[in-house]
Amino acid sequence: MMKTDADRAWLRYHLALLAVVVVGLVWSGIAPNDRLTWAMEVAPVVIGLALLLPTYRRFTLTPLLYGLIAFHCVILMVGGKYTYAEVPLFNWLRDAFELTRNHYDRVGHFVQGFVPAILVRELLLRTSPLRPGKWLFAIVVCGCLAFSAFYELIEWQAAVALGSGADAFLATQGDVWDTQKDMALALLGSILAQLLLARWHDRQLAALK
């Protein structure tokens with residue numbers, strides 16, 4: 001089938017995103033702060049690649065969603081490289097603004113709600129009878145909150161299995177309410193993603209058809 005200029009442009013865009021993720025994955029794996037933590041943090045990136053590459057032709061996602069997924073991968077890979085409690089830029093911010101902790105972990109959990117919101121929204125709109133509206137909004141939020149809670153259960157089991165060896169993966173930094181704050185940020189991210197991006201997402205879904 002002959003490809004149009006637009007098709008070729010989108011293909012170059014997708015390949016550029018793939019290159020960013022692959023290069024980032026290699027970079028993050030070179031002398032990370034903690035090898036076990038790196039493996040656990042970048043596991044979602046590897047799983048995502050294993051799912052998205054084979055399904056690219058028969059279930060191509062919107063450019064917006066691919067861009068968000070690549071951005072989320074970068075967040076995960078940076079956290080894997082340095083551990084979430086020791087990302088250099090956020091250590092500098094902590095010291096410069098006299099903060100109580102390195103807040104990169106908070107950013108990661110906000111993105112954990114923001115990006116999956118568009119992923120869940122797209123899957124529901126393309127594979128279910130749901131249409132844009134309040135029910136879709138609510139179900140997407142609930143799905144993202146459920147995913148965040150599931151991730152916290154994974155962290156709990158990592159702590160049980162590894163003991164103090166899981167401290168870098170948990171990144172609680174002494175905050176007894178860290179789990180609840182992480183879930184609250186994911187909840188906020190899922191709401192803001194839909195409020196800010198829903199119309200843009202709908203236009204791309206229409207163009208995809």
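Q: How do I read the accessibility of arginine 126: is this residue buried, partly exposed or exposed?
A: The general idea is to set the relative accessible area against two cut-offs, because a residue under 20% counts as buried, one over 50% as exposed, and one in between as partly exposed. In this predicted model, arginine 126 has a relative accessible area of 30%, so it is partly exposed. Glutamate 122, by contrast, has 0% relative accessibility and therefore counts as buried.

Q: What joins arginine 126 to glutamate 122?
A: The two residues form a salt bridge, and their closest N and O atoms are 3.1 Å apart. To read such a pair, it helps to ask where each partner sits: arginine 126 and glutamate 122 are 4 residues apart in helix α5, so about one helical turn separates them.

Q: How many salt bridges does the structure hold?
A: The structure holds 7 salt bridges. One of them is formed by aspartate 182 and arginine 106, with 3.1 Å between the closest N and O atoms. Aspartate 182 lies in helix α8 (residues 178-208) and arginine 106 in helix α5 (residues 104-127), so this pair ties together parts that are 76 residues apart in sequence.

Q: Are the two partners, aspartate 182 and arginine 106, buried or exposed?
A: Aspartate 182 counts as buried because its relative accessibility is 0%. Arginine 106 has a relative accessible area of 11%, and it is buried too.

Q: Which residue meets the side chain of arginine 121 in a salt bridge?
A: The partner is aspartate 202, and the distance from N to O is 2.8 Å. This pair also links distant parts of the chain, since aspartate 202 belongs to helix α8 and arginine 121 to helix α5, with their positions 81 residues apart. Their accessibilities can be read as before: arginine 121, at 4%, counts as buried, whereas aspartate 202, at 26%, counts as partly exposed.

Q: How should I read the surroundings of a residue such as isoleucine 139, and where is this residue found?
A: A careful reader first places the residue and then looks for its neighbours. Isoleucine 139 is found in helix α6, which covers residues 134-162, and it is partly exposed because its relative accessible area is 35%. When residues up to four places away in sequence are not counted, isoleucine 139 touches Leu124 and Leu130. Distances between C-alpha atoms can be read as well: those of isoleucine 139 and valine 120 are separated by 8.9 Å, although the two residues are 19 residues apart along the chain.

Q: What does the sign of phi tell me about a residue?
A: As a general idea, most residues other than glycine have a negative phi, and a positive value can therefore be picked out for a second look. Here, alanine 31 has a positive phi near 50°, and this residue lies in the loop between α1 (5-28) and α2 (35-52). Glutamate 98 is not a glycine either, yet its phi is positive at about 55°, and it is found in the loop between α4 (88-96) and α5.

Q: Are alanine 31 and glutamate 98 buried or exposed?
A: Alanine 31 has 64% relative accessibility and so counts as exposed, while glutamate 98, with a relative accessible area of 73%, is exposed as well.

Q: How many helices and strands does the protein chain have?
A: The protein chain has 8 helices and 0 strands, and from the N terminus on its elements run α-α-α-α-α-α-α-α. Its radius of gyration is 18 Å, close to the 17 Å that the globule rule gives for 209 residues, so the chain is as compact as a globular protein of that length. Along its principal axes, the C-alpha trace spans about 55 × 40 × 35 Å.

Q: What can be read from the contacts and the surface of the protein chain?
A: Among contacts with a separation of 6 or more, 75% are between residues 24 or more positions apart. Buried residues make up 39% of the 209 residues. The accessible surface comes to about 11,800 Å², and 71% of that surface belongs to carbon and sulfur atoms.

Q: How many positive and negative side chains does the protein chain have?
A: There are 18 positive and 16 negative side chains, and the centres of these two sets lie 15 Å apart.

Conventions. Residues are numbered from 1 along each chain as its sequence is written. This is a predicted model: local features need pLDDT of at least 70, side-chain atom pairs count only at pLDDT 80 or more; totals for chains, interfaces and linings use all residues. Side-chain values use heavy atoms; hydrogens and water are left out. Helices (H or I, at least four residues) and strands (E, at least two) are DSSP runs, numbered from the N terminus. Buried means under 20% relative accessible area, exposed over 50%, partly exposed in between (1.4 Å probe, protein chains only). Contact means heavy atoms within 4.5 Å. A salt bridge is a side-chain nitrogen of Lys or Arg within 4 Å of a carboxyl oxygen of Asp or Glu. The radius of gyration is taken over C-alpha atoms; the globule rule is 2.2 Å times the number of residues to the power 0.38. Accessible areas come from the Shrake-Rupley method with a 1.4 Å probe; for residues, only the protein chains shown count as cover. Lys and Arg count as positive and Asp and Glu as negative; His and the chain ends are not counted. The place of a charge is taken as NZ of Lys, CZ of Arg, CG of Asp or CD of Glu.
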